[in-house]
Amino acid sequence: MPAYVMDEPLAVHFVFPNGREWTAVLDGLPNPGLARDLAKGLAANAHPDGGIGAKNTVKAYAVALRQMVSALAEAGFTGSVPDLTRATLVRYWMASTYTRERETRMLLKGFDAVTGALRPEVRKYLTGNQIQAYRSTSPYKAYTDGEWERLETSCRAVVDDSWARHRRALELAARGGEPPTSAHHSPQDIAWLLLRDGPFPDRPVYRAQTQGTKSSQWDLRRAVRQVRGDLFPHPVVQVAYSVLFGMYCGVVPDGIDDLGLDGLEWTGDTSIVITYIKGRTARESSNLPSRAVRLLERWLEYSAPLRSFAEDKLRGQLWISYSPKWFTTGGGFSPIVGPPSDTDRHRDLVKQVGLVDDAGKPFVIHRGRIRATYHERLARRGWTGRATIDPNHTARTEGDHYVTPTSPAQLDAVESIIEDGQADVLRKALPPVVLSAEQAARFAEDFPDDVKRLELDAVAIAELVGGERDVFTAACADQLAGVHGPAGQPCPARPWVCLLCPLSVFLPRHAANLLRLNAFFSRQFRQMSTENFVRVFGPYADRLATEILPKLSEETKEKAAREVADDDTGLPLRPEEGTL
């Protein structure tokens, strides 16, 4: 059950899609009956029946519930939800905000879905529009290039410095051993003990702090803090890693926070596919860039000593750290914590490195802006990896929040992009030209529409059929046409792009390379997540398998198959495009 109501004390316990749990305590309100009814509505809105699928969303709804009960009690209302009238709700919502009205409406709808006990007039009213008007939010503003570079440089400095100190602490531990019973512990012995026993207050190294003179006790405590801080990741260091990870891969903040070790899938020696749950949508996957992979490898090695001492619930989380302050967990006190739930650690990081924005004020780390900046910088490099940045957004929402033009020149550029995109979609919808040997000989007679579309004359047809215009996958009507690159320059497209190119003509002599490409798609499908493969290679693989290869004769394919091996031999690939 995703959520249920507890009576003593009044609370709603949630189990989220990622397996985590949280309890919204609602005890102590002035109208317990109304609070209990609204708690039922809160539980009814849990995922998958409702839109509550993350801890922060529960917190917002719980605050709305408490405020509604308190405000109505202050206005003199003492009944339960079935006693609410339309006039009572209108008075409350008139003094509320759009967000509070939306949240409390959902609580009432959830209650009615479970009990059916709302007044008919209230139920009918809930189906209408809200009283409070929606105020559109400002889109996330991308960081400037200077701010982005300073943020990356600062986080990189924290990461590199902590890693160097961690390596030195491990070297100390390798030279240490069981210390004597006196208070005189060497740094090597302290590192050895901490690596063996963990950063806990009931270990011998801590008990030894009560021995000897006050001066020696103080020196030992200081040495323990120093070695412990070098050996185990501090929350500020963990924040630096997670912020830098977001800058390298552009994953949504809640996906980064909730990422677990079970969400990491190694698809090669230097490639990782991460699977995470975005708070408002379902499970998503992403193939990490090489920089993010290297950072993740370092973090896993860095956090491994601390992870071995963490409780089971924290051990499976990616982001853990040692906090000088003790935090209460289910099993008592533990200094090992997960990712911070507030922005205090981000401010601590900014203060520690002295990071400022372009105006000279303390830098504000906003991970939504980090994600927006990541995609804005990709767009400036000509990135076309997906139709929208976020699968949960429509194209219009995406444009309003990430690429809203602000000048006439930008508007013209956006309109040109739209026109080019529409023309490209139409070109890709054209059926491929696949010819047999006999059809190639009388191409101009049998396929006049294709000849006209390809703008071929007699000389060009002879070159096309004769092989003088061959590229790897097909014969190209005009490699300088500028369909996939600058006009007048040789086409820079990858081999599989020709499968959807309107200038391609496929002939029997291309069968071997087409089969090599088909085998390449099969190998990529085995080592990539389904979502990632469909996004990168899906349209090309579908065109090849369903529209091109079936038009070649079986004899041609059988003869060509004898030349094809199930590896990358014969494919013009870049190093990063190879398969295992």
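These notebook entries record what I looked up in a predicted model.

**Entry 1: Asp112**

I began with Asp112 and asked in which helix it is found. Asp112 belongs to helix 4, which covers residues 98-115. I then asked whether Asp112 is buried or exposed. Its relative accessibility is 14%, and Asp112 therefore counts as buried, the cut-off being under 20%.

Next I looked up the surroundings of Asp112. Leaving aside residues up to four places away in sequence, I noted that Asp112 touches Ala117, Leu118 and Arg123. With Ala117 there is a polar approach to record: the side chain of Asp112 reaches the backbone nitrogen of Ala117 at 3.4 Å.

**Entry 2: The salt bridge to Arg123**

Arg123 deserved an entry of its own. Its side chain meets that of Asp112 in a salt bridge, with 2.8 Å from N to O. I recorded that Arg123 lies in helix 5 (residues 120-126) and Asp112 in helix 4, so the pair ties together parts that are 11 residues apart in sequence. I also compared how the two partners are placed: Arg123 is partly exposed, with a relative accessible area of 31%, whereas Asp112 is buried at 14%.

**Entry 3: Other salt bridges**

How many salt bridges does a search of the whole structure find? The search finds 24. I followed some of them further.

Arg291 and Glu152 form a salt bridge in which the closest N and O atoms are 3.0 Å apart. This pair links distant parts of the chain, since Arg291 is in helix 12 (residues 290-307) and Glu152 in helix 6 (residues 145-175), 139 residues apart. I noted Arg291 as partly exposed, its relative accessibility being 38%.

Arg535 forms a salt bridge with Glu531, and here the closest N and O atoms are 3.4 Å apart. Both residues lie in helix 23 (residues 530-536), where four residues, about one turn of the helix, separate them. I found Arg535 partly exposed at 27% relative accessibility, and Glu531 partly exposed at 32%.

I also found a network of salt bridges, which links Arg156, Asp160 and Arg298.

**Entry 4: An open sheet**

I turned to the strands and asked in what order strands 4, 5 and 6 form their open sheet. The order is 4-5-6, and the pairing is antiparallel. Strand 4 (264-268) and strand 6 (283-287) stand at the edges with a single partner strand each, so one side of each has no neighbour in the sheet. Direction ignored, neighbouring strands of this sheet are turned by 20° against each other on average.

I then looked at one pairing in detail. Strand 5 (residues 271-277) and strand 6 run antiparallel and are joined by five bridges. I noted that Val273 stands opposite Asn287 in strand 6.

**Entry 5: Helix 6 against helix 7**

My last look-up returned to helix 6. At what angle do helix 6 and helix 7 pack? Helix 7 comprises residues 187-197, and the two helices pack at an angle of about 100°, with their axes 7 Å apart. Helix 6 is therefore roughly perpendicular to helix 7, a term that covers angles of 65 to 115 degrees.

I finally listed the residues that meet between these helices. From helix 6 there are Ala169, Leu170, Leu172, Ala173 and Arg175. They meet Pro187, Gln188, Ala191, Trp192 and Leu195 in helix 7.

Conventions
Residues are numbered from 1 along each chain as its sequence is written. This is a predicted model: local features need pLDDT of at least 70, side-chain atom pairs count only at pLDDT 80 or more; totals for chains, interfaces and linings use all residues. Side-chain values use heavy atoms; hydrogens and water are left out. Buried means under 20% relative accessible area, exposed over 50%, partly exposed in between (1.4 Å probe, protein chains only). A polar contact is a pair of N or O atoms within 3.5 Å; within protein, one must be able to donate a hydrogen and the other to accept it, and residues adjacent in sequence count only if both atoms are side-chain atoms. Contact means heavy atoms within 4.5 Å. A salt bridge is a side-chain nitrogen of Lys or Arg within 4 Å of a carboxyl oxygen of Asp or Glu. Two strands pair if DSSP finds at least two bridges between them. Axes are lines fitted to C-alpha atoms, for helices over the stretch in contact, and angles run from 0 to 180 degrees between N-to-C directions. Angles under 35 degrees count as roughly parallel, over 145 as roughly antiparallel, 65 to 115 as roughly perpendicular and the rest as oblique.
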